[in-house]
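This briefing is intended for a reader who meets the structure for the first time. Please keep the sequence and the model in view while reading.

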Amino acid sequence: AKGCSGCHTTHASGQAKLLKVKANALCFECHDRKLVQGKVKHDSAARGACLDCHDAHSAEQPAMLTGALVEVCIECHGGVKEQPHVLNSFSGKGHPLGDEKELANTMDTLRPGQRFSCTSCHDPHKGDRANLVRYDTAQPLDFCQRCHEK
């Protein structure tokens with residue numbers, strides 16, 4: 001929204017690509033650092049490597065993601081499809097992870113207006129619980145029952 005000069009200088013800069021400040025600090029020229037502050041941080045967020053998931057210049061996806069949300073997550077966390085996970089632990093089928101057609105029709109019951117995705121259960125930047133889980137629950141089934149009836 002700020003054009004080229006929002007991030008780049010037109011002449012001399014001590015940074016690569018004529019950036020105004022170091023790349024891992026540049027995002028915080030506009031975005032609040034609270035976005036990545038928590039007890040547990042996503043590895044990319046902790047390293048200030050926002051460009052692992054986001055495109056700095058333009059993107060067709062919301063939040064300027066480099067691809068569809070689930071696909072961006074699966075690039076690094078692809079094992080979730082093969083390993084035991086809350087999504088496939090009980091029924092064997094689980095949620096529509098990676099099935100774009102089914103995901104397109106599945107809404108997040110706890111976040112109105114949002115589609116169901118990895119971010120329905122996990123915060124993509126930071127959190128206070130292991131695995132960046134959004135919700136505090138005493139028992140594993142409590143987690144499911146946030147959206148599903150007993």
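Met64 counts as partly exposed because its relative accessibility is 33%; buried means under 20% relative accessible area, exposed over 50%, and partly exposed in between, with a 1.4 Å probe and protein chains only. Met64 lies in the loop between helix H2 (43-47) and helix H3 (69-77), and its phi is positive, at about 55°, although the residue is not a glycine. This is a predicted model, in which local features need pLDDT of at least 70 and side-chain atom pairs count only at pLDDT 80 or more, while totals for chains, interfaces and linings use all residues. Residues are numbered from 1 along each chain as its sequence is written, and side-chain values use heavy atoms, with hydrogens and water left out.

**The loop between H2 and H3**

- Asp55 is also placed in the loop between H2 and H3, and it counts as partly exposed because its relative accessibility is 30%.
- Apart from neighbours within four places in sequence, Asp55 is in contact with Met64 and Thr66, where contact means heavy atoms within 4.5 Å.
- Asp55 and Leu65 are ten residues apart in sequence, and their C-alpha atoms are 5.9 Å apart in space.
- The side chain of Asp55 reaches the backbone nitrogen of Ser58 at 3.3 Å.

**A second positive phi**

- Leu18, a residue other than glycine, has a positive phi near 55°.
- Leu18 is located in the segment before helix H1 (23-26).
- With a relative accessibility of 35%, Leu18 counts as partly exposed.

**The chain as a whole**

- The protein chain holds five helices and two strands; helices (H or I, at least four residues) and strands (E, at least two) are DSSP runs, numbered from the N terminus.
- Read from the N terminus on, the order of the elements is α-β-α-α-α-β-α.
- Of the 150 residues in the protein chain, 24% are buried.
- The accessible surface of the protein chain is about 10600 Å², and carbon and sulfur atoms account for 54% of that surface; such areas come from the Shrake-Rupley method with a 1.4 Å probe, and for residues only the protein chains shown count as cover.
- Among contacts between residues at least 6 apart in sequence, 34% join residues at least 24 apart.

**Ser120 and its surroundings**

- Ser120 occupies a place in the loop between helix H4 (100-103) and strand S2 (126-127).
- Ser120 counts as buried because its relative accessibility is 4%.
- Not counting residues up to four places away in sequence, Ser120 touches Asp108, Arg111, Arg115, Arg134 and Tyr135.
- Two of these partners, Asp108 and Arg111, form a salt bridge with each other, the closest N and O atoms being 2.7 Å apart.
- Asp108 counts as buried at 5% relative accessibility, and Arg111 is likewise buried, with a relative accessible area of 18%.

**Salt bridges**

- Side chains of opposite charge can pair when their charged atoms come close.
- The count is four salt bridges, each being a side-chain nitrogen of Lys or Arg within 4 Å of a carboxyl oxygen of Asp or Glu.
- Asp123 pairs with Lys126 in a salt bridge, with 3.7 Å between the closest N and O atoms.
- Asp123 counts as buried at 16% relative accessibility, whereas Lys126 is partly exposed, with a relative accessible area of 22%.
- Asp43, Arg47 and Asp52 are joined into one network by salt bridges that share partners.
- Within this network, the side chains of Asp52 and Arg47 meet at 2.7 Å, N to O.
- Both are partly exposed: Asp52 has a relative accessibility of 39%, and Arg47 has one of 45%.

**Cysteines**

- A disulfide is a covalent bond between the sulfur atoms of two cysteines.
- The count of disulfides is zero, the criterion being a pair of cysteine sulfur atoms within 2.5 Å.
- Why does Cys30 have no such bond? The closest cysteine sulfur, in Cys7, is 6.7 Å from the sulfur of Cys30, which is too far for a bond.
- Cys30 counts as exposed at 53% relative accessibility, whereas Cys121 counts as buried at 15%.

Conventions:
Polar contact = N/O pair within 3.5 Å; in protein donor to acceptor, adjacent residues only side chain to side chain.
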